[in-house]
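Me: I'd like a close look at a single part of this model, and then a walk outward from there. Here is what I'm looking at.

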Amino acid sequence: MNDAQKAKEAAIDQVRDNRPDDYSQVLVFLDELIRDKGKYSRITSEDLIAKMGDRYLTLHEPRVIGAAFRAVRLSGRIYASGYVHGKRKERHAAPVMTWTILRVEP
């Protein structure tokens with residue numbers, strides 16, 4: 001792992017550690033999204049934000065979404081499968097990572 005990757009991982013850890021309530025809330029919604037979509041389906045952070053609805057607006061630190069996706073990826077439940085254009089107006093069609101679900105847990 002190079003210095004830039006180490007810095008990125010440290011930043012993600014810091015966001016997660018500074019907002020544990022936000023992080024755990026996002027993990028709950030991400031688990032629900034994975035169960036709803038099912039194995040081999042593809043999801044994005046925008047799908048998660050849509051699932052969260054108004055709860056997304058209550059997050060003090062929306063970057064915990066990245067930390068949640070990283071945790072689920074490291075557990076082997078999803079893998080990165082490319083990019084799509086974002087659909088949210090705020091994203092201005094910027095690329096969004098697509099994740100493929102490998103394992104659904106009860």
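In which helix is the place of Arg70? Please start there and take me through the surroundings.

Reply: Keep in mind that this is a predicted model. Arg70 sits in helix H5, which covers residues 64–74. With a relative accessible area of 9%, Arg70 is buried, because the cut-off for that label is under 20%. Setting aside residues up to four places away in sequence, Arg70 touches Glu9, Ile12, Asp13 and Arg16.

Now for the pocket. The largest one has a volume of about 660 Å³. It is lined by 22 residues, and those closest to its centre are Arg63, Ile65, Gly66, Ala67 and Phe69. Helix H1 (3–18), H3, H5 and E3 are the elements that give two or more residues to this lining. H5 provides the largest share, six residues. By character, the lining of the largest pocket divides into twelve nonpolar, two polar and eight charged residues.

H5 also has a part in the nonpolar interior. The largest nonpolar core has 22 residues, of which Val26, Leu30, Ile43, Leu48 and Phe69 touch the most other members. Helix H2 (20–37), helix H3 (45–52), H5 and strand E3 (95–101) each supply at least two residues of this core. Take Leu48 as a way in: leaving out residues up to four places away in sequence, Leu48 touches Val26, Phe29, Leu30, Leu33, Ile65 and Phe69. Two of those names, Ile65 and Phe69, you have already met among the residues closest to the centre of the largest pocket.

Next, H2. This helix has 18 residues and reaches 26 Å from its first C-alpha to its last, close to the 26 Å expected at 1.5 Å a residue. Its buried residues are Asp22, Tyr23, Gln25, Val26, Phe29, Leu30, Leu33 and Ile34. As background for reading that list, an α-helix has 3.6 residues a turn, so residues three or four places apart point the same way. After H2 comes Gly38, whose phi is positive, near 90 degrees.

Lys37 belongs to H2 as well. Its relative accessible area is 43%, so Lys37 is partly exposed, being neither under 20% nor over 50%. Not counting neighbours within four places in sequence, Lys37 is in contact with Ile43 and Ile101. For a sense of distance, Lys37 and Gln14 are 23 residues apart in sequence and 30 Å apart in space, C-alpha to C-alpha.

That leaves strand E3, which you've seen in both the pocket lining and the core. Val96 lies in this strand and counts as buried at 5% relative accessibility. Leaving aside neighbours within four places in sequence, the contacts of Val96 are Thr44, Ser45, Glu46, Gly82, Tyr83, Val84, Gly86 and Arg91. Gly82 is 14 residues away from Val96 along the chain, and their C-alpha atoms are separated by 8.4 Å.

Thr98 is found in E3 too, and at 5% relative accessibility Thr98 is also buried. With residues up to four places away left out, Thr98 touches Arg42, Ile43, Thr44, Tyr79, Ala80, Ser81, Gly82, Tyr83 and Val84. Compare the two lists and you'll find Thr44, Gly82, Tyr83 and Val84 in each. Ile43 is worth a second glance: it is touched by Thr98, is in contact with Lys37, and is one of the core residues that touch the most other members.

Methods: Residues numbered from 1 in each chain as written. Predicted model: local features only at pLDDT ≥ 70, side-chain atom pairs only at ≥ 80, totals over all residues. Heavy atoms only, no water. Helix = DSSP H or I, 4+ residues; strand = E, 2+ residues; numbered from the N terminus. Buried < 20%, exposed > 50% of the residue type's maximum accessible area, 1.4 Å probe, protein only. Contact = heavy atoms within 4.5 Å. Core = buried A, V, L, I, M, F, W, Y, C linked by side-chain atoms within 4.5 Å. 1 Å grid on protein atoms, 1.4 Å probe; cavity = no way out; pocket = protein on both sides within 12 Å on 5 of 7 lines; lining within 4 Å. Points joined across faces, edges and corners; volume = space filled by probe spheres on them. Nonpolar A, V, L, I, M, F, W, Y, C, P; charged D, E, K, R; others polar. Expected span 1.5 Å × (residues − 1).
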